Amino acid sequence: MTAIAHGANIGHGYVKYTINTGDHEETIIFPALVAPASSTDGNLHDVPTVEVHGTLWWTGEDALLHPAPISLRSQQRLYDRHIIPALVKGALQRLNQPCGGACVTGLPAAWSGERDLAVALGSRLRDAVATQYYHGTTLKTGIRVISEPLGALYGVLLDPSGAIARSGYELSRVGVIDLGHNTVDACIVQAMNVVPESAISFELGSASPLQQLQTKISGRYNLDLTLHEVDSAVRAGCVRVAGEECDLPSGWDRPWLANGHQVADALVRAWGSGAKLAAIIVAGGGAEMPMLVQAIQQRFRQTIIAPNPQTAIARGYARRARRYEEFGQ
């Protein structure tokens, strides 16, 4: 059996996890939320739980059953013995696949040079997989921690087998942008290495426009939604009210247009015209919002939107892990 390669992008807004067999890829995405599981007696079906250090946890949407689901944004999450292991176990549970082989994960570019953080992240993934069983097989995975922007680049550069499919960028100077839930992270990659001091992060993630739309929906429909529910409504193009599909409030897209211009302005301040960059690869959930990325495309004509951008980094991690498996490099 071909060993499965893993790509684990444990974001602060969403978990994106890809498994890769060389000729097939499967990706799961769910909110990066956990909560202690409690009794659900009387339900028609059991709510899935994962066990971490003797405690049962709900993950993703199921964590919303708890009045106070947990999601840490700080580096402290890397040292918490429950949150990341529970999220990884939740991903493996949803994918329900036999496991083994290499795993690649990553840190934001601004953190990736700190060895202690990389060791902590690797330790949390090992906490999750050390006792994870599928089809009678223990998951024994070699874990590599890289800079997050490289995941986006690998997703464009490599094919599912781990072979180079799009040559040129592996030796070029490339800008990479991750339009995330809470932050926008960017850096410059030269010959597949992050340029020192190029990593930048802005508090301009999609959470801000989502919060503005959350307020509009509450005022229009007297409906209180979580940010993850608002995000789902945007992607669906409608909001469900009393079981019916209703239009998003008028002007719902204005916060995204404004956010896109703020991001583009910040990138121009950092990169100028971008003339030295052979390409600018944009990934992350925000890249699926045309009204957000159009301002970036107007400023930088070499912009490339990664395929399926919300899961592009996880997919790139898994393809890099596949390359380790197939080519040993």
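Why does S172 count as buried? I took this up as my opening entry, keeping in mind that the model I was reading is a predicted one.

**Entry on S172.** I looked up the accessibility of S172 and found a relative value of 17%, which is why the residue counts as buried, since the cut-off for that class is under 20%. I then placed S172 along the chain and noted that it sits in the loop between α3 (148-157) and β11. Setting aside the neighbours within four places in sequence, I listed the contacts of S172 as V189, Q190, A191 and A278.

**Entry on the largest pocket.** I next turned to the largest pocket, which holds about 610 Å³ of space. Its lining is made up of 40 residues, and G11, H12, E148, T183 and D185 are the ones closest to the centre. I noted that β1 (5-10), β2 (14-20), β7 (101-107), β11 (173-179) and α5 (227-236) are the elements that give two or more residues to this lining. By class, I recorded 13 nonpolar, 18 polar and 9 charged residues in the lining of the largest pocket.

**Entry on the cavities.** I searched the whole structure for enclosed space and found 2 cavities of 30 Å³ or more, with about 60 Å³ in the largest cavity. Among the residues that line this largest cavity I wrote down P108, E148, V176, D178, D185 and I313. The elements α3, β11 and β12 (184-190) each supply at least two residues of that lining, and I recorded its division as 9 nonpolar, no polar and 3 charged. I also noted that E148 and D185 appear both in the lining of the largest cavity and among the residues closest to the centre of the largest pocket.

Technical notes
Residues numbered from 1 in each chain as written. Predicted model: local features only at pLDDT ≥ 70, side-chain atom pairs only at ≥ 80, totals over all residues. Heavy atoms only, no water. 1 Å grid on protein atoms, 1.4 Å probe; cavity = no way out; pocket = protein on both sides within 12 Å on 5 of 7 lines; lining within 4 Å. Points joined across faces, edges and corners; volume = space filled by probe spheres on them. Helix = DSSP H or I, 4+ residues; strand = E, 2+ residues; numbered from the N terminus. Nonpolar A, V, L, I, M, F, W, Y, C, P; charged D, E, K, R; others polar. Buried < 20%, exposed > 50% of the residue type's maximum accessible area, 1.4 Å probe, protein only. Contact = heavy atoms within 4.5 Å.
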